[in-house]
Amino acid sequence: MKKFVMAALGGTLAGIIATTQVAGPLLAQEAAKQTNVYEQLDLFGDIFERIRAQYVEEVDEEKLIEAAINGMLTSLDPHSSYLSPDDAADMRVQTRGQFGGLGIEVTQEEGFVKVVSPIDGTPADEAGVESGDFITHVDGESLLGLGLDDAVDLMRGPVGSEIIITVVREGTAEPFDISIIRDTIKLRPVRTRTEGNTVVLRITTFNDQTYPGVEDGLKQAIEDLGGIDKVNGIVLDLRNNPGGLLTQAIQVSDGFLDSGEIVSTRGRNPADGDRYNATPGDLTMGKPMVVLINGGSASASEIVAGALKDHHRAIVVGTKSFGKGSVQTVMPLRGDGAMRLTTARYYTPSGRSIQNLGVSPDIVVAQPRRAPEAEAEDQSAARRTRSEADLRGSLSNDSLSEDEIKQIEDERAKADEAAKLREEDYQLAYAIDLLKGLSAIADQN
């Protein structure tokens with residue numbers, strides 16, 4: 001018994017010694033880390049005072065501190081940043097759908113401003129700015145070395161004023177200038193039209209008006225076509241859509257799904273993760289869908305494309321999307337400013353993160369850039385095309401009634417319209433043709 005007690009005491013003593021040996025260094029490391037942080041903060045204070053006292057010109061202390069805060073946030077990733085009171089107010093206006101500017105969504109890459117996408121119908125879009133363009137200069141001033149917010153500030157200005165941006169574009173040998181007149185940007189997030197029996201829903205951004213616009217536009221288009229039975233399918237055009245509100249992306253996805261997960265978010269703490277699921281009800285009653293995406297489709301638009309793809313609710317057509325798979329939370333700060341901080345990644349229903357990878361289309365269809373001379377050759381070739389009806393003395397077709405001949409002519413006119421659309425927007429024409437094929441197969445079954 002005595003030996004047993006001695007052994008137990010020895011084990012306890014060894015445990016205490018072992019715990020001390022392990023925990024002691026850890027506590028020392030943590031204390032050293034805290035000391036180092038305070039030393040760094042002291043260093044920051046020293047530098048701040050040196051700048052105030054010795055910089056060649058008098059400095060604005062408030063702007064100096066804001067720049068330091070913004071530098072800390074932008075060092076984390078391209079989407080975290082500090083919003084001054086004015087910037088925070090602008091952001092709140094943007095989510096409501098109207099603001100002043102050029103009409104481009106931008107990010108920063110390799111020290112330059114990169115265009116994620118121009119917004120439809122805005123001055124930048126009409127001036128010819130394209131997704132993937134790099135903006136290197138604004139009014140002759142280089143953007144190299146500037147933070148994203150500073151670069152954006154240079155592009156801001158009074159409505160009606162001119163700005164000249166210098167652009168580097170892939171496939172173009174030399175940089176070139178684009179002149180843009182600043183204007184008030186009034187976002188119309190959803191545009192709806194019909195092409196034949198296909199409903200085309202074009203979503204340009206996700207703000208407070210997006211889902212109501214989808215719902216109302218779809219309802220009107222179905223009514224114009226004479227009811228849902230007359231609709232052969234839906235094209236959801238998300239090309240050059242830079243994203244926006246997560247809540248709106250979830251609502252739009254839910255509008256076309258009856259059940260299942262739409263998206264999940266995961267932060268640093270597993271307990272902070274969220275899952276968003278679809279509720280019963282499909283606005284289109286299960287009609288075939290094609291989603292169009294390209295390199296300018298980012299964030300919220302990738303959530304929609306990923307959800308509809310993973311649930312096999314739609315065929316995704318186009319080119320790989322931008323690949324922004326992170327969630328930013330806007331946190332109000334004292335003095336009416338705000339902090340935009342990346343707090344989570346989002347995942348498609350299959351559990352895949354699209355960060356840096358994007359959503360891959362089911363069918364890759366690039367939008368060809370046609371040279372004017374190539375178009376002229378095609379038109380002249382079309383003029384040279386001849387048929388049996390052009391031959392002198394050809395036999396007439398007497399087996400068809402006037403109504404049947406009229407039906408054939410109507411079908412030919414529709415085919416000519418489809419061919420014309422291919423010249424204007426090849427990707428959209430491809431999507432519509434795909435839905436026609438799916439509809440024809442469904443009718444035979």
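1. In this predicted model, strand E8 holds Ile 181, the bridge partner of Glu 162. The two strands concerned are E7 and E8, the latter spanning residues 176-181, and they pair in the antiparallel sense over six bridges.

2. Strand E7 (residues 162-168) also pairs with strand E5 (residues 134-138), again in the antiparallel sense, here over four bridges. One position in this pairing may be located by name: Val 167 in E7 stands opposite Ile 135.

3. A further sheet deserves separate attention. It is open, consists of six strands and has mixed pairing, with the order E10-E11-E12-E15-E16-E19. Its edge strands, each of which pairs on one side only, are E10 and strand E19 (363-364).

4. Within this sheet, strand E15 (residues 289-293) and strand E16 (residues 315-318) run parallel and are joined by four bridges. Val 290 has Ile 315 in E16 as its bridge partner. As a general point, the side chains of a regular strand alternate between the two faces of the sheet.

5. Two helices should be viewed together with the sheet. H6 packs on it and touches E10, E11 and strand E12 (233-237), while the direction of H6 makes about 20 degrees with that of E10. Helix H8 (residues 300-310) lies across E12, E15 and E16, and runs at about 145 degrees to E15.

6. How do helices H6 and H7 lie with respect to each other? The axes of H6 (residues 210-224) and H7 (residues 246-254) come within 8 Å and cross at roughly 25 degrees. Angles under 35 degrees count as roughly parallel, and H6 and H7 are therefore roughly parallel to each other.

7. The contact of these helices can be described residue by residue. From H6, Thr 210, Tyr 211, Pro 212 and Val 214 take part, and they meet Gln 248, Gln 251 and Val 252 in H7. The residues of this contact comprise four nonpolar and three polar, with no charged.

8. Attention may finally be drawn to the second largest pocket, in which about 950 Å³ of space lies. Its lining is made up of 26 residues, and those nearest the pocket centre are Arg 239, Asn 240, Asn 294, Gln 367 and Gln 427.

9. Which elements each supply at least two residues of that lining? They include strand E10 (190-195) and strand E11 (198-203), together with helix H11 (426-444). By residue class, the lining of the second largest pocket divides into 11 charged, nine polar and six nonpolar. Strand E10 thus appears in two settings: as an edge strand of the open sheet and as a contributor to the pocket lining.

Terms used:
Residues numbered from 1 in each chain as written. Predicted model: local features only at pLDDT ≥ 70, side-chain atom pairs only at ≥ 80, totals over all residues. Heavy atoms only, no water. 1 Å grid on protein atoms, 1.4 Å probe; cavity = no way out; pocket = protein on both sides within 12 Å on 5 of 7 lines; lining within 4 Å. Points joined across faces, edges and corners; volume = space filled by probe spheres on them. Nonpolar A, V, L, I, M, F, W, Y, C, P; charged D, E, K, R; others polar. Axes fitted to C-alpha atoms, helices over the stretch in contact; angles between N-to-C directions. Parallel < 35°, antiparallel > 145°, perpendicular 65-115°, else oblique. Contact = heavy atoms within 4.5 Å. Pairing = 2+ DSSP bridges.
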